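Student: Could you take me through one part of this model up close? I'd like to hear about a sheet and how its strands are put together.

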Amino acid sequence: MGLVLHVLLLALALPGSQSFQPLSLFGRSITHRQITETAILQKTTEVCRAVATAEGREFTEPRRLTASRVQRACFPGDDSLLSGAQFKAAIIEIYLSNAAVDVVYVLSDPHHFDGESFAGGRSLITKGVASVKAGVRRESFFSARLTLGTICHTLQDFYSHSNWIELENKRPNTNLLRADQPIGNLADENTPTCRNCIGENCKDNILPAILQQKILTSGYFSLFSPLKPAGKCSHGGSLDRTSTQDPVGGINKDTLSSKHGHRHRDAANVAINATMELLEDIRGAAGENNFLRLMGISRSSVLCFVIDTTGSMRDDIAEAKRVAFSIIDSKKGTRDEPSAYILVPFNDPGVGPLTRTTDSNVFKNRINGLTANGGGDLPEMSLTGLQLALTSAPRSSEIFVFTDAPAKDTHLRSTVIALIESTKSVVTFLLTNALSARRRRDSDDGQDQEQRFSSRLSTAGNALYQELAEASGGQAIVVTKETLPQVTDIIVDSSTSALVTILQSVRNPGRPDNFTFTVDPSVRNLTIYLTGTSTTFSVSSPSGRSGTDFIYSILETTEGPGGDYTLKEGRPQAGGKVTLLLSVVGGDSPTATEVFLVEVSGSRVENGSVEVVGDGDYLVSMERVPDGQFVILLKGVDGEGTRVSQGSFQRQSLTKLMASSVAVTALVNSTMEPGVPFSLPFTVMTNGTAGTYTIRARDDSGFISSFTPSLQLESGASARGSVE
């Protein structure tokens with residue numbers, strides 16, 4: 001059994017939380033999620049207003065700020081579902097990273113400004129801001145968002161865990177963003193700061209002298225020990241053992257029911273303004289356009305080509321250049337003009353160099369400079385090239401792979417599938433042998449047209465490409481040297497910013513079947529693709545009401561009282577329960593009514609329990625995860641619907657998901673620094689087959705010096721290893 005340790009999974013399961021509630025999707029208290037999303041929406045609106053003014057355009061601010069409304073205000077006339085979905089997805093990435101701090105760093109005082117750890121907390125913020133700015137400069141927007149979410153949590157906790165609000169400060173502490181300025185009049189370790197609460201009443205437990213002298217303090221917190229310095233305030237709450245030692249009680253303002261819950265809304269409002277100050281600081285360094293890209297606001301997606309440059313591709317490269325130039329020119333100046341371009345050439349044994357640019361002329365020059373040589377007709381390093389593209393392109397990208405040979409590096413199959421699942425990118429393979437595909441679409445005169453690319457049977461090598469394409473929601477299409485020019489239409493269809501998926505299904509082996517799907521009035525240019533051999537089909541009676549699209553994240557529940565939700569990294573547990581955070585974007589106030597997990601190659605369907613969170617967000621609970629590959633199917637009604645009517649609109653996730661009986665958890669307890677040895681402990685747990693599990697660890701910078709080569713596992717048990 002082989003196990004690839006590919007990503008760092010942030011999931012240290014410890015009980016409870018000790019901050020503004022991370023997500024707490026229901027309730028009256030203001031959460032980290034609401035604080036973060038409100039600040040992002042307000043600041044993004046400000047930036048879009050500034051951009052419009054600079055361009056001489058009018059800007060109409062939405063009466064109520066949501067991701068879809070703000071995106072439409074930023075780009076009026078752009079009805080692209082992609083833009084709204086990317087903005088919403090970026091917000092979710094940031095606030096789920098924010099929520100993870102209460103799981104990964106629950107024992108770290110500086111991450112929460114607990115125990116008067118003001119210097120440590122500010123250091124985390126200022127270093128984190130520098131990291132975000134560096135990520136933006138490198139165009140590593142996803143990693144920058146994760147870091148941004150983490151430091152937002154620490155910054156927001158300052159106002160809930162310290163006495164900044166009790167000192168009657170109405171504005172944020174700007175010096176938390178400035179490493180060279182004093183944070184405030186800090187209490188020293190020997191200065192008493194609190195007195196006992198009177199029963200459950202803690203409104204006046206901060207010593208009057210502390211308030212009069214404007215001395216800054218924060219509460220101490222521990223899950224395990226009641227010990228704290230004499231006379232010091234505690235955080236408070238049922239999980240804080242220090243709150244049982246004199247002075248008893250606490251000063252946190254995390255919720256309305258906290259010890260200082262009477263100042264909860266004051267703390268939350270100042271935290272929103274502080275988060276906006278943080279975003280403004282990043283905006284000043286990044287500039288307007290890159291700030292909007294960090295927030296996921298852009299008109300279109302990235303165009304990414306992965307091209308085989310071995311000798312046998314000589315004619316194909318010439319045609320690939322023509323296709324690429326045609327695509328670039330056809331999109332230039334339109335709403336579908338790519339926001340960036342990525343090129344990854346691969347040969348044998350070399351891969352790269354990767355080119356990433358926002359300039360279409362630079363991209364053209366890089367493609368024009370490609371030459372075919374070496375490699376022969378042997379299998380090539382196609383998966384290595386695809387892996388580089390998946391790790392370099394933004395999430396939800398469209399990636400097109402041109403090759404004429406099977407993969408040599410098939411050991412990367414599991415890694416590539418895991419990357420496809422985590423990035424939700426769509427991969428389409430354009431092959432010069434082995435698969436057959438027919439494409440059927442409506443012509444301008446309403447007549448069906450059919451184009452045949454090939455009728456050759458697939459080989460084992462191309463079956464892998466077919467599997468990867470299906471896993472991503474893409475296609476594996478064979479073309480001859482003569483029919484390669486027709487690929488232009490496919491790429492144009494696949495890379496439009498308004499593309500949605502209504503249905504995708506696989507039958508292997510093939511068999512007669514009926515597929516029912518709903519087409520609503522918002523759908524234009526409906527295209528049906530069938531891939532296989534000897535496909536005979538008919539299409540009849542499309543009808544429906546209205547449409548939209550959706551994005552999703554897999555969550556896991558934190559343990560302990562008042563358990564909340566954090567992002568689930570990796571695959572859900574086979575046969576277990578799963579929770580989805582589903583966000584509906586676009587449309588006219590659409591409502592999700594039903595969510596299903598549907599087996600890709602079977603008939604099993606799992607129905608979910610749907611709860612409304614607000615602003616197009618839904619919490620979906622599934623009692624069981626299908627054993628094989630599955631997709632998420634959404635049904636709902638449009639904003640004009642007066643009753644729940646099944647099938648008013650229907651959408652399906654592109655990416656195929658899969659459950660796993662193995663879970664890998666990385667226990668991150670320190671920060672990687674240049675030149676300093678770093679240990680990453682991890683655990684592996686299985687509820688499947690017992691035995692010896694092989695560990696493989698990889699990174700693209702040569703940092704790894706050693707790692708645990710294998711682990712012996714029993715079913716239902718776990719074992720620990722490390723990467724050095």
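Tutor: Sure, a definition to begin with: strands here are DSSP runs of E at least two residues long, helices are runs of H or I with at least four, and both are numbered from the N terminus. Two strands pair if DSSP finds at least two bridges between them. Keep in mind that this is a predicted model, where local features need pLDDT of at least 70 and side-chain atom pairs count only at pLDDT 80 or more, while totals for chains, interfaces and linings use all residues. Residues are numbered from 1 along each chain as its sequence is written, and side-chain values use heavy atoms, with hydrogens and water left out.

Now find leucine 555: its bridge partner is leucine 567 in strand 12. Strand 11 covers residues 549-557 and pairs with strand 12 in the antiparallel sense, over 3 bridges. In general, the strands of a sheet pair through backbone hydrogen bonds, either parallel or antiparallel.

Step back, and you'll see an open sheet of 5 strands in the order 12-11-13-17-16, with antiparallel pairing. Strand 12 (565-567) and strand 16 (609-614) stand at the edges with a single partner strand each, so one side of each has no neighbour in the sheet. From one strand to the next, the twist averages 35°; the axes behind such angles are lines fitted to C-alpha atoms (for helices, over the stretch in contact), and angles run from 0 to 180 degrees between N-to-C directions.

For comparison, look at another open sheet, with 3 strands in the order 21-22-25 and antiparallel pairing. Here strand 21 (662-666) and strand 25 (718-723) are the edge strands; each has a single partner strand, so one side of each is left without a neighbour in the sheet. Neighbouring strands of this sheet are turned by 25° against each other on average, direction ignored. Strand 21 pairs with strand 22 (residues 680-686) in the antiparallel sense over 5 bridges, and valine 662 stands opposite threonine 686 in strand 22.

If you'd like helices too, try helix 9 (residues 314-331) and helix 10 (residues 360-368): their axes come within 10 Å and cross at roughly 175°. The two are therefore roughly antiparallel to each other (over 145 degrees; under 35 is roughly parallel, 65 to 115 roughly perpendicular and the rest oblique). Among the residues in contact (heavy atoms within 4.5 Å) are Phe325 and Ile328 in helix 9, and Phe363 and Ile367 in helix 10.
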